[in-house]
Amino acid sequence: MRLTTLFLSCFFLLALLFQPRVSQAQKIKSSAFAYAPEANGDQYNQRIPKKAFAVSPTDFVILSRKSDSTYAIERYGADLKAVWSTPVPMLSQETVEAFSQNKGTALLITHQVLPDQGSQALFGRLFDVATGKELKRTKLQEAPSRGRRPAVAISADGSKLVTYHANTRNEQLQSMQANVYDGSLTKIKDRLYDFNGLGNQVSAHVQIDNHGNQFVSVLTNRSMRLSVRRYNNRDNEIKVMEVMLGGVFDGEKMYVLDTHFKIHQDSSLYAAVLVAEEKTGDYRSLKMVRFDYKAGNMRFAEEFKFTPDFTKTLAQSTGSTRLADIYLSDILVSHEGQILVMAEKKYTDGGENSDFHAQELLLFAYNEYLQPTWNSVIIKNQKAPASEGFAGISYSAHLIGNRLQLLTLETIKGKTDLYSRSIHLLTGGAEPPKAVGLNVANDQRVSYVKDFTTWLDERTITAVNRPNKASAGLRLSRITFKD
């Protein structure tokens, strides 16, 4: 009941504060921006959710789709004009896979089907951030064309990456062949992630830290046991930690419904897990585990149970009688070790070309010892046409010290705008949503592209939007907030 009491207090605090205010943005500068919306894909899991990176307090690089067959990597300066723009033509059956930035270079990874060779491959391309010149292009990973699509994981600072493809038997995952590279696309190591002996597998999640260590997370025992393996690049040592997260509790069989992972650069991995009842599919609880490979142990947070009281309290604001369509969306870790787990309600109306919805955000905070400190909910109501999916709705999050900044596209009291919220990580104290002042159009055309939103510093963001229905195109804006 302790956590439920915390939820009730923070819940009502946010409810009282949920009154939109005029933004304190003191300066908005904008310029015309050309962009061709992405082709329809998996709208729930965007392949490249972030297409803009700051390279200085004034400059940033972006990846923008210009036509069906051409992208461009561009650098913008303080005047919001392109310092350089490098076209990147796409070959037949080639699509973008990942985009990142590391100090003096921008990295683009593409996936290409090679029908003449009966294979598919990932290619890496490096571009000089100062000039836009392409420095290198190389094949990173190749796999049989009939196999699963090869994938890539990139470290937080862009200095390391790992590409990998699955080896399957009867649709079950047996192993993964991986290649580890540094930021210059020089191969560091070949790896084989061998899953023999772990039982039937469907998929595995791979991440890499700034040191090049790879963390491979696999659900076993019919989605009840979580196994995490750490591979380093110095030798063939494999450190394995695992924990049973499902099973039989109070006479009911439970399984892992959803997972989210976050690497901390101290050689640890955080795992947040939603557990559900097998018989009914109802959400049972949130579990949180830290796999600390430096200390060689695991630390567990107190289980947060979705009790009837919790659901009832949430329903007072959302109108939902039960938890449904909740997905883990983020784990944020501050420099002091404060942790925030975020989950979001996302769904479609059902049927072809139905609208997409992104609604309440559930927040669960922990201290550096994984002890729960507060939890709360942010109420929002976002909708987008099927052609856009979640590309313009949901949220953008940025952690500055112990303060979380959230940006959301919403219509509040008849005003459609980009809204900002500030939440203190230690206390859960929140400011009401503030309209930034972009006056975003509210119609069935592209009006806001979340992928290009980025923070240049603590007070300055960039965003791409269409100001009103009469606007012919998008605008690239720089917004500076008052202290």
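Modeller: A contact here means that heavy atoms lie within 4.5 Å, and the structure under discussion is a predicted model.

Colleague: Let us begin with the whole chain: how many helices and how many strands does the protein chain have, and what is its radius of gyration?

Modeller: The protein chain has 2 helices and 36 strands. For 483 residues the globule rule gives 23 Å, and the chain comes close to that figure, so it is as compact as a globular protein of that length, with a radius of gyration of 23 Å.

Colleague: What percentage of the residues in the protein chain are buried?

Modeller: A residue counts as buried when its relative accessible area is under 20%. Of the contacts in the protein chain with a separation of 6 or more, 50% come from residues 24 or more positions apart. When the 483 residues are sorted by accessibility, the buried share is 55%.

Colleague: Turning to the outside, how much of the area that the protein chain exposes is supplied by carbon and sulfur atoms?

Modeller: The C-alpha atoms fill a box of roughly 60 × 60 × 45 Å along the principal axes. The chain exposes about 21100 Å², and the part of this area that carbon and sulfur atoms supply is 48%.

Colleague: How far apart are the mean positions of the positive and negative charges of the protein chain?

Modeller: Side chains of opposite charge can pair when their charged atoms come close. A search of the whole structure finds 22 salt bridges. Taking the 59 positive and 50 negative charges as two sets, their mean positions are separated by 3 Å.

Colleague: Which residue forms a salt bridge with lysine 139?

Modeller: Lysine 139 has a relative accessible area of 36%, so it is partly exposed, and its partner, at 32%, is likewise counted as partly exposed. The closest N and O atoms of the pair are 3.1 Å apart, and the partner is glutamate 142.

Colleague: How many residues apart in sequence are the parts tied together by arginine 225 and glutamate 242?

Modeller: The side chains of arginine 225 and glutamate 242 meet in a salt bridge, at 3.9 Å from N to O. Because arginine 225 belongs to strand β17 (residues 225–231) and glutamate 242 to strand β18 (residues 238–244), the pair ties together parts whose separation in sequence is 17 residues.

Colleague: Is arginine 290, which forms a salt bridge with aspartate 266, buried or exposed?

Modeller: The closest N and O atoms of aspartate 266 and arginine 290 are 2.7 Å apart. This pair links distant parts of the chain, 24 residues apart, with aspartate 266 in the loop between β20 (252–264) and β21 (268–277) and arginine 290 in strand β22 (residues 283–292). Aspartate 266 is partly exposed at 27% relative accessibility, whereas arginine 290 has a value of 12%, which is under the 20% limit and therefore counts as buried.

Colleague: What is the phi value of serine 267, in the loop between β20 and β21?

Modeller: Serine 267 has its place in that loop between β20 and β21, and its relative accessible area of 11% makes it buried. Its phi is positive although the residue is not glycine, with a value near 70°.

Colleague: Where is leucine 370 found, and what is its phi value?

Modeller: Leucine 370 is found in the loop between β27 (356–366) and β28 (372–378). At 2% relative accessibility it counts as buried, and its phi, again a positive value in a residue other than glycine, is near 65°.

Colleague: Which residues does alanine 271 touch, leaving aside those up to four places away in sequence?

Modeller: Alanine 271 lies in strand β21, and with a relative accessible area of 0% it is buried. From alanine 271 to arginine 290, which is 19 residues away in sequence, the C-alpha distance is 6.4 Å. The residues that alanine 271 touches are Leu226, His260, Phe261, Lys287, Met288, Val289, Phe291 and Ile331.

Colleague: Finally, what separates the C-alpha atoms of serine 317 and leucine 340 in space?

Modeller: Serine 317 lies in helix α2 (residues 308–318) and is partly exposed, with a relative accessible area of 33%. Leucine 340 is 23 residues away from serine 317 along the chain, and the distance between their C-alpha atoms is 22 Å.

Terms used. Residues numbered from 1 in each chain as written. Predicted model: local features only at pLDDT ≥ 70, side-chain atom pairs only at ≥ 80, totals over all residues. Heavy atoms only, no water. Helix = DSSP H or I, 4+ residues; strand = E, 2+ residues; numbered from the N terminus. Rg over C-alpha atoms; globule rule 2.2 N^0.38 Å. Buried < 20%, exposed > 50% of the residue type's maximum accessible area, 1.4 Å probe, protein only. Areas by Shrake-Rupley, 256 points an atom, 1.4 Å probe, with all protein chains shown as cover. Lys, Arg positive; Asp, Glu negative; His and termini not counted. Charge placed at Lys NZ, Arg CZ, Asp CG, Glu CD. Salt bridge = Lys/Arg side-chain N within 4 Å of Asp/Glu carboxyl O.
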